[in-house]
Every structure is written in structure tokens, then in C-alpha cells.
Amino acid sequence: QPKGVMISHQSIAHHCSEMRSYYQLVPQDGVLQFASMNFDASLEQIFSALITGAKSILRDNEIWTITEFCQKLVQHHITVIDIPPAYWQQWLQDLNQTPELAMKLPLKLVIVGGDTMLPDQLELWQQSPMKSIRLINAYGPTEATITATGFEIMPNVYENTLPLRIPIGYSVAHSLIYLLDSYNNPVPIGVPGELHIGGTGLARGYKGNPDLTADRFIPNPFNEPGSRLYRTGDLARYLPDGNIEYLGRIDNQVK
């Protein structure tokens, strides 16, 4: 069910400032606004660029074909894109058939988010001429002000064997990540737990729905009095290297 999430100006301003640093944006960049304007990721795509002094390229109402997409990247000298896995996969399939097209692209960073990155999609990336470009698997709910974790995939990290799941990485933008059991106790490494998020990006709650706000935003037992955690409903676990692996939902909600 659609919900209105109340995010403060402070949270979005802080988030965009942090993501500017994490994405290593500079004034010479061109950042594509690919997400729909009614999707929270569009705010990160637009304002992280503008506060850097970089160029923000706004997509029109049409979904570009892969050929048009590549043409726009070259035409507007777009260096940073944030696209969903399904579009990323289609784009890579086309690029692998026409590798000479990839040589013209000015990209320096590709962010993939909004859905689960699959191993066969990553395999396509590693087979493409783009594989040396910086790649980030991003995760985050609206309730925590867009991106909460990121996993930077180095060019040859999975060259020999692909994992069953691509990690979602570590916390970014000063988000606080906790994996808790049903009693709100931290789970050990390797044990699944519900992913909870705290920190400066936490929403005020759901507009006009105090009951749902109270259910999903709980007191933070690990921090200063008055702070809260958002219960994402996402199941995850810590890997031995400290990265977080997303496992799915604890309910039947479609995400």
C-alpha cells in the first residue's frame, strides 16, 4: 500500500552531501536523473549533482531504448548513472553485442539499485567492455532517506566464482545498521536477522498513520535515549568480511 513518508530537510540535505562524497562527484561530472520523479532515488540523483556544481541531466517522460540511452550518455557527457537491475541487464546484453559502442561512453560510475542485483547480471557486466568502470550495488528504503548501504564491486573480485547473492555492502551516509532477531538482539555473523536502520537519515514517520509509525519505528536500545530504528522487514546476514548479504523479505510484501 502506498504510504507518505515524512523526511526532514535536514535528512535529505545531509544525505545528498554524504552521497556526493561517497560517489566522488566533481563539478566536471554529468549525473543522469533516471528514476521517476515520484521515486525517492530521483532526489539523490538530482541534488547530489547540484550541490557539487555538476551537471544534472533530467530524463523526459519516455523510457529510452538502449540505443537512445547510449546516445544520450555521449551527447550530454554523462559520467554517473543510477539504474535498476532489469534495465542494467538489458543494456549490458546490447553492449556485449556491440562492444564498439561502449568505447565511446564517458561513464566513470554505475550505480545499480531499487531491486536485487543477480549473479547472472553481474556476469554480463564482467564480460562487457565496461567492467573496469566503478560499480556499486546500492540498497536503501525511503524511510531511511534513500541509500543506506553500498557494495563497491571491484573489477576482478568474482572473476572465477560468482556468489549466490551479491552483497549490499556496508552502511553509507552515516546510517546505522543493525541485524536483530525477534527479541531485538544482535545476531552473530552468518545468522539471518531483520535489517534495522538508524541514524540521521531516519524519517519522522508515516504521514497520517501514527499506528504504522509506532510499529515500524521502534526505540533504539543501542543508542542515546529518544533515538529510533526503522524495521525494514528485510532479512539479511553479516558475511565473515563484514559485508551485509540481503536474503529477502520476512513477510509477503512485494518489493
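Hi everyone, this short talk is about helix α3 and its surroundings in a predicted model.

Some ground rules: local features here need pLDDT of at least 70, side-chain atom pairs count only at pLDDT 80 or more, and totals for chains, interfaces and linings use all residues. Residues are numbered from 1 along each chain as its sequence is written, and side-chain values use heavy atoms, leaving out hydrogens and water.

Helix α3 covers residues 66-75; helices are DSSP runs of H or I with at least four residues, strands are E runs of at least two, and both are numbered from the N terminus. Which residues of α3 are buried? They are Ile66, Phe69, Cys70 and Leu73, where buried means under 20% relative accessible area, exposed over 50%, and partly exposed in between, with a 1.4 Å probe and protein chains only. These residues cover an arc of only 95 degrees around the axis, so they sit on the same side of α3; the arc is that of the directions from the helix axis to the C-beta atoms. On the other side, Gln71 and Gln75 are exposed.

Cys70 counts as buried because its relative accessibility is 2%.

Now for the neighbours. The buried residues of α3 pack against β2 (30-33), β4 (80-83), α4 (85-97) and α5 (99-102), with contact meaning heavy atoms within 4.5 Å.

Just after α3, look for histidine 77, which takes a positive phi of about 50 degrees.

Finally, how many disulfides are there? The count is zero, a disulfide being a pair of cysteine sulfur atoms within 2.5 Å.
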